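These are my notebook entries on how the helices of this structure sit among their neighbours. I began with burial and then turned to the packing of one helix on another.

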Amino acid sequence: MNPFDDEYFMRQALAEARAAAAEGEVPVGAVIVCDGRVIARAHNQTECLNDVTAHAEMLAITAAAGALGAKYLTRCGLYVTVEPCVMCAGAIGWAQLSTIVYGAPDAKRGFSQFAPRAFHPKAVIKKGILEKECAEEMRRFFEQRR
């Protein structure tokens, strides 16, 4: 049994989502894994940075590119708690991430409805990993806001 499986890395992304919620940010977290090791982690920071592009995925891609010293992340996988939006899907595609793993779907803004071919053609997409836990973070956050 491999302790470093998709659920393990999604739990790392969930920890980032919880950090976002604690800061009053929409609770989305992301980690980027290369060769079985987390090389970048991030969570939404649109409020604290006053930047609509400061999504978890975008920040994680920037950090991973810095860690590797390369703009293409072809040997890397992204774990994100919520289905990426169109903007993030475009960045994921340009960065050429080989694997995209997400937890909860986003029926309102998710890439699968608006840009289903945004990722690199060879990318592997896995959805629904720890879906209930990821969706619960979002539900709880917005319930507290209402």
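Entry one. I looked up which residues of helix 1 are buried in this predicted model, and found Asp-6, Phe-9, Met-10, Gln-12, Ala-13, Leu-14, Glu-16, Ala-17 and Ala-20. The cover over these buried residues includes strand 1 (29-34), strand 2 (37-43), strand 3 (76-82), strand 4 (99-104) and strand 5 (124-127), together with helix 5 (131-145).

Entry two. I checked the length of helix 1 (residues 6-22): at 1.5 Å a residue its 17 residues should span 24 Å, and the end C-alpha atoms are indeed 24 Å apart, so the two values agree. After helix 1 comes Gly-24, which has a positive phi, near 80°.

Entry three. I then went to helix 3, where the buried residues are Cys-88, Ala-89, Ala-91, Ile-92, Gly-93 and Ala-95, and these pack against helix 2, strand 3, strand 4 and helix 4 (111-114). Just after helix 3, I noted a positive phi of about 60° at Gln-96.

Entry four. How do helix 2 (residues 56-68) and helix 3 (residues 86-95) cross? Their axes come within 9 Å, at an angle of roughly 20°, and because angles under 35 degrees count as roughly parallel, helix 2 is roughly parallel to helix 3. The crossing of the two is left-handed. Helix 2 brings Glu-57, Met-58 and Ile-61 to the contact, while helix 3 brings Met-87, Cys-88, Ala-91, Ile-92 and Ala-95. Sorting the residues of this contact, I recorded seven nonpolar, no polar and one charged.

Definitions and conventions
Residues numbered from 1 in each chain as written. Predicted model: local features only at pLDDT ≥ 70, side-chain atom pairs only at ≥ 80, totals over all residues. Heavy atoms only, no water. Axes fitted to C-alpha atoms, helices over the stretch in contact; angles between N-to-C directions. Helix = DSSP H or I, 4+ residues; strand = E, 2+ residues; numbered from the N terminus. Parallel < 35°, antiparallel > 145°, perpendicular 65-115°, else oblique. Left-handed = near helix turned anticlockwise from the far one by under 90°. Contact = heavy atoms within 4.5 Å. Nonpolar A, V, L, I, M, F, W, Y, C, P; charged D, E, K, R; others polar. Expected span 1.5 Å × (residues − 1). Buried < 20%, exposed > 50% of the residue type's maximum accessible area, 1.4 Å probe, protein only.
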